[in-house]
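Reader: I am new to this structure and would like to be guided through it. May I put some short questions to you?
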Amino acid sequence: MMAGVAFYQMIGLDSHVRPLHKKLDKKTFYDFADLNKKEKDYVTKYVERIELTYVLTPSNMNIQPFINEEYHYEGVMFITIRLREETKDSYVSTIGEIIQGALPNPVVIVFEKQGNIQMGTCIKRRNKVDRSQAVLEQQAYTPWFPLNETNETVRQFIASIHMKNVSFAHFFQFYHDIHRAVQAFQHVHAVGAFYIAANEQSQQLIAQIKQLETEIAAWKAKLKKETQFNRKVEMNMNIHELTTQIEQLKQRLK
């Protein structure tokens, strides 16, 4: 069984909707998205197959559409992308952005590689100049993970996006629930736990933690090159101070 098929079963999607398994031609994305040569190469060299696996609509999911001036969420597509073995991790978000940019609809991307899964989401709003286009507001990607529920983070993530645990109020809320779970998985290393930021305040705290982590990494890089003892002591003190700040922010998340 392909990893994607098993994943959809684990989140309870296959029991709600019949999968389409419709292969999408890569050329479609070249035509729709204005790709430069490097982006086109990414899709040509590293993408083995693009498949439209599920299309969720009000009629097959009993979820209401959500439409206003900014957002147009009439349904949600699940697209499965099988990547070739040699695909570097750093290429995945670029490939995801190409796919998201080519489709104005809300899309959940499930990447497959060597039996592992990575999920990508993107909040999109309507382009007020060209209604057929969408503005990519906020993208999120989980790390790669095996479908192994003995891993606590994977278990928490799968439980949080299971169809019985996401909102069926309307498609914007449904998509947001999945997106926030993807962000929680993305931020596990920085936050130290699988934490779904359900409000603006907790989202800001997580952003601050990530910023401080970046600053610590920069100080550590400088520390490696520093030869003067007194400068090394100063840098270590800075790192310690930033680490303390991170711990304080983590406490506020609890």
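Author: Certainly. Let us begin with Arg180, which is in contact with Gln173, Ile196, Ala197, Ala198 and Gln203, leaving aside its neighbours within four places in sequence. Please note that this is a predicted model.

Reader: Where does Arg180 lie?
Author: Arg180 lies in helix α7.

Reader: Is Arg180 buried or exposed?
Author: Arg180 has a relative accessible area of 16%. The limit for a buried residue is under 20%, so Arg180 counts as buried.

Reader: And how many residues of α7 are buried?
Author: In α7, 14 of the 16 residues are buried, so the helix is largely enclosed by the rest of the structure.

Reader: What should the span of α7 be, and how far apart are its ends?
Author: Helix α7 covers residues 171-186, and at 1.5 Å a residue it should span 22 Å. Its end C-alpha atoms are 22 Å apart, which agrees with that expectation.

Reader: What comes after α7 in the chain?
Author: A loop lies between α7 and α8 (188-191), and His187 is in that loop. His187 is buried, with a relative accessible area of 13%. Not counting residues up to four places away in sequence, His187 touches Gly192, Ile206 and Lys210.

Reader: Let us turn to the interior. Which residues of the largest nonpolar core touch the most other members?
Author: That core has 38 residues, and those with the most contacts to other members are Phe7, Leu56, Phe78, Met119, Phe157, Phe174 and Ile178. Two or more residues each come from α1 (3-10), β2 (47-56), β5 (76-83), β6 (107-113), β7 (116-126), α6 (152-161) and α7. The largest share, nine residues, is given by α7.

Reader: What does Met119 touch?
Author: Not counting residues up to four places away in sequence, Met119 touches Phe7, Val108, Ile109, Val110, Ala140, Tyr141, Thr142, Phe157, Ile161, Ile178 and Val182. Apart from the largest core lies another core, of 24 residues, among them Val47, Leu83, Tyr91 and Ile95.

Reader: Phe7 was named just now. Which residues of α1 are buried, and what covers them?
Author: The buried residues of α1 are Ala3, Gly4, Ala6, Phe7 and Tyr8. Their cover includes β2, β5, β6, β7, β9 and α6. Just after α1, Gly12 takes a positive phi of about 80°.

Reader: You mentioned β9. What can be said of Pro146, which lies there?
Author: Strand β9 consists of residues 145-146. Pro146 has 36% relative accessibility and therefore counts as partly exposed. Leaving aside neighbours within four places in sequence, Pro146 is in contact with Asn116 and Val154. The C-alpha atoms of Pro146 and Lys113 are separated by 9.9 Å, while the two residues are 33 residues apart along the chain.

Reader: Now for the whole chain. How many helices and strands does it have, and what does its C-alpha trace span?
Author: The chain has ten helices and nine strands. Its C-alpha trace spans about 65 × 45 × 40 Å along the principal axes. Of the 254 residues, 44% are buried. Among contacts with a separation of 6 or more, 68% join residues 24 or more positions apart.

Reader: Finally, what about the exposed area and the charges?
Author: The chain exposes about 13700 Å², and carbon and sulfur atoms supply 49% of that area. There are 32 positive and 28 negative side chains, and the centres of the two sets lie 3 Å apart.

Notes. Residues numbered from 1 in each chain as written. Predicted model: local features only at pLDDT ≥ 70, side-chain atom pairs only at ≥ 80, totals over all residues. Heavy atoms only, no water. Helix = DSSP H or I, 4+ residues; strand = E, 2+ residues; numbered from the N terminus. Buried < 20%, exposed > 50% of the residue type's maximum accessible area, 1.4 Å probe, protein only. Contact = heavy atoms within 4.5 Å. Areas by Shrake-Rupley, 256 points an atom, 1.4 Å probe, with all protein chains shown as cover. Lys, Arg positive; Asp, Glu negative; His and termini not counted. Charge placed at Lys NZ, Arg CZ, Asp CG, Glu CD. Expected span 1.5 Å × (residues − 1). Core = buried A, V, L, I, M, F, W, Y, C linked by side-chain atoms within 4.5 Å.
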